[in-house]
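Grab the model in your viewer and work through the exercises below. Each one sets a task and then walks through a solution.

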Amino acid sequence: MSTTLFLISGDSKSIIAAHKLPHDTLVIPFSEKQLLSLRSTVKFIRSTPAHTVVFGMKKLSLQRYHQILKGVLLLAGKTSGYLADETGERSVYSPLHTIFVESFILATEIVASCGIVAQAWIRLRLRARTEKRGGLS
Amino acid sequence: MKSIFLRTDFFGHLNTGGSFSHIGGFLDGMIELGHEMTFTASAQCYPSGKYDFRHIPYPFLYKNFPEIPCLAYNNTLQKKLPPLLREIQPDFLYQRHSEFVYTPSNIAKKHSIPFILEANNSEWWWKKNWANLFFDDILRRCEDVHFHAADAIMVVSEVLKQDLVRLFNLPPEKIHVNPNGVDVHTFTDNIDSNAFFASLSAELQQRWEGKTLCGFVGTFGEWHGVEVLAHSVVHAVRENPNIHFMLIGDGKLRGNVEKIIAENNMQNHVTLLGTVTHHLVPSYLSLCQILLSPHTENTDGTLFFGSPTKLFEYMGMGKAIIASAVGQIADIIKDGHNGVLVKQRNPVDLAHAIIRLTQEPELCHILGKNARYDAVTTYSWKHNAQRVINVVQSL
């Protein structure tokens with residue numbers, strides 16, 4: 001079973017050792033910025049023949065884009081993979097979990113994000129208005 | 001005095017780079033002056049126990065879209081900061097400005113605490129020119145209300161002060177210039193470079209043995225002039241094949257630098273060390289005879305507004321410095337006194353300055369000695385912190 005490690009951050013050797021990945025694991029540098037072009041990223045991941053795809057990072061809890069990364073694996077047609085960090089922590093990917101759980105987390109985030117943007121838009125306008133009158137509300 | 005330092009950006013797992021040196025240096029400077037500092041951030045980025053650290057993590061839910069987590073962090077701060085203010089009762093609140101975070105000024109005002117904002121750039125300008133910006137109008141408004149609400153703004157250079165006055169119509173008297181600084185105990189002229197050289201790999205020893213080393217450290221950003229530096233290699237080496245360049249760091253333009261070096265077939269005259277653990281940087285720099293700061297004006301034609309930490313670190317090392325005559329660098333480096341100034345974006349001028357210094361070791365010694373003196377007497381972090389205290393006391 002071949003494995004490819006897309007290294008977002010951290011040390012590939014530490015990640016391979018912490019997760020007991022095969023010694024012939026292919027390591028490919030991967031930048032978060034690549035996620036801005038989702039279509040080409042999916043194409044890129046799909047083109048890797050690896051059975052298991054691992055996104056490697058320094059620390060899982062400090063890594064953004066968990067659901068997006070799993071969504072990329074899903075769209076690329078991968079069936080096995082996980083997000084893994086140097087400390088041995090991992091977040092396992094499965095197509096079913098991504099469709100039925102992660103997608104809802106993402107949808108919740110989208111709705112909440114719209115709320116955050118709207119809240120900031122209103123607050124900033126109110127602050128600009130009240131502070132010009134002198135004194136915060 | 002008691003103060004809380006807020007680091008509000010999302011830096012993930014990173015713990016190296018200019019911002020870490022800057023914040024650590026400032027905190028050390030404040031503590032050295034006898035002030036009490038509490039440091040808050042979204043993750044621990046200094047050795048545990050070094051500072052009174054309070055963890056204010058980014059909200060868990062917002063992880064998949066850029067810029068949103070920073071906006072959401074305002075709500076986190078609104079919940080977590082007031083109890084901390086009540087507990088610590090600081091004499092002032094100090095925030096390192098970061099994108100989309102605009103509530104600390106509001107919170108400080110509600111608690112009647114002076115609010116000092118350290119702005120190292122306008123994030124709006126920065127992202128518009130050098131990164132991806134999705135919520136243009138909101139970021140501009142965040143900065144507008146935050147800058148106007150701050151009691152004082154500390155900026156690193158006069159150019160940046162003028163930029164903020166122009167961009168946000170701010171009163172100039174509220175903005176105070178506080179150049180970056182250096183830890184003069186770490187970046188020092190008394191490192192045993194021979195012992196460090198002996199500890200290096202055989203490959204590096206062989207590569208650098210008997211060479212005149214010219215060093216650079218940086219994140220290979222647009223403003224660092226690394227491409228100019230790469231182009232200067234061929235000119236310098238043509239005149240003096242004994243010159244070898246040591247480039248420390250990694251970043252956006254590293255690929256371009258590698259390409260220029262390969263095109264000129266200069267691989268044997270340049271060592272790209274990549275990212276080096278921060279505590280080893282002074283040891284590497286101690287091996288160099290000349291240190292380079294080839295900064296450039298901004299790509300959009302505006303003036304260089306930075307205050308490069310590396311320049312002050314070079315000064316602390318007591319080495320001969322060659323720097324571009326741009327922005328604050330031209331004020332701090334006095335040509336022929338504590339360094340040599342060259343024209344920006346001019347690899348030939350840079351190479352000539354390098355060749356000249358390799359021929360004049362006595363001049364190198366004098367330049368380095370003067371640079372070290374200036375670092376110790378004016379640009380240590382203690383002096384940087386004192387300038388902030390002076391501003392707070394004047395409010």
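**Exercise 1. Work out how many residues of chain B touch chain A, and which helix gives the largest share.**

Bear in mind as you go that this is a predicted model. Start with the head count: 24 residues of chain B are in contact with 24 residues of chain A. Next, look at where the chain B side comes from. Helices H2 (68-88), H3 (103-110) and H5 (136-149) of chain B each put in at least two residues. H5(B) supplies the largest share of that side, with 7 residues. Finally, sort the chain B side by class: you get 13 nonpolar, 6 polar and 5 charged residues.

**Exercise 2. Find the domains of chain A and describe how they touch.**

Step one is the split: the domain assignment gives chain A a domain 1 (1-93) and a domain 2 (95-137). Step two is the spacing, and here the centres of the two domains, taken over C-alpha atoms, are 29 Å apart. Step three is the contact itself, where 6 residues of domain 1 of chain A meet 5 residues of domain 2 of chain A. On the domain 1 side, helix H3 (residues 66-75) of chain A gives the most, with 4 residues. By class, that side of domain 1 of chain A has 2 nonpolar, 3 polar and 1 charged residues.

**Exercise 3. Trace the open sheet of 6 strands in chain B and say which strands stand at the edges.**

First, write down the order: E10-E9-E8-E11-E12-E13 in chain B, with parallel pairing. Now check the ends. Strand E10 (270-274) and strand E13 (340-342) of chain B each have a single partner strand, so one side of each has no neighbour in the sheet. As for the twist, neighbouring strands are turned by 20 degrees against each other on average, ignoring direction.

Zoom in on one edge: strand E9 (residues 243-248) of chain B runs parallel to E10(B), and 4 bridges join them. In that pair, B:Ile248 has B:Gly274 of E10(B) as its bridge partner. Then look at what packs on the sheet. Helix H12 (residues 309-317) of chain B touches strands E8 (212-217), E11 (290-293) and E12 (320-324) of chain B, and its direction makes about 165 degrees with that of E11(B).

**Exercise 4. Which residues of helix H10 of chain B are buried, and why do they sit on the same side?**

Pick out the buried residues of H10 (residues 254-263) of chain B: they are B:Val257, B:Ile260 and B:Ile261. These cover an arc of only 95 degrees around the axis, so they lie on the same side of H10(B). That fits the helix rule of thumb: an α-helix has 3.6 residues a turn, so residues three or four places apart point the same way.

Now flip to the face turned away from the buried side, where you'll find the exposed residues B:Gly255, B:Ala262 and B:Glu263. Back on the buried side, the cover includes helix H9 (226-239) and E10 of chain B. Last, step past the helix: B:Asn265 follows H10(B) and has a positive phi, near 55 degrees.

**Exercise 5. Follow the pairing from strand E1 through E2 to E3 of chain B.**

Begin with strand E1 (residues 2-7) of chain B, which pairs in the parallel sense with strand E2 (residues 36-41) of chain B over 5 bridges. There, B:Lys2 stands opposite B:Glu36 in E2(B). Move on to strand E3 (residues 52-55) of chain B, which runs parallel to E2(B) and is joined to E2(B) by 4 bridges. To finish, find B:Phe39, whose bridge partner in E3(B) is B:Phe53.

Terms used:
Residues numbered from 1 in each chain as written. Chains lettered and ligands numbered in written order. Predicted model: local features only at pLDDT ≥ 70, side-chain atom pairs only at ≥ 80, totals over all residues. Domains from an automatic or database assignment. Contact = placed C-beta atoms within 7 Å. Nonpolar A, V, L, I, M, F, W, Y, C, P; charged D, E, K, R; others polar. Pairing = 2+ DSSP bridges. Axes fitted to C-alpha atoms, helices over the stretch in contact; angles between N-to-C directions. Buried ≥ 20, exposed ≤ 12 C-beta atoms within 10 Å, placed from the backbone. Arc of directions from axis to C-beta.
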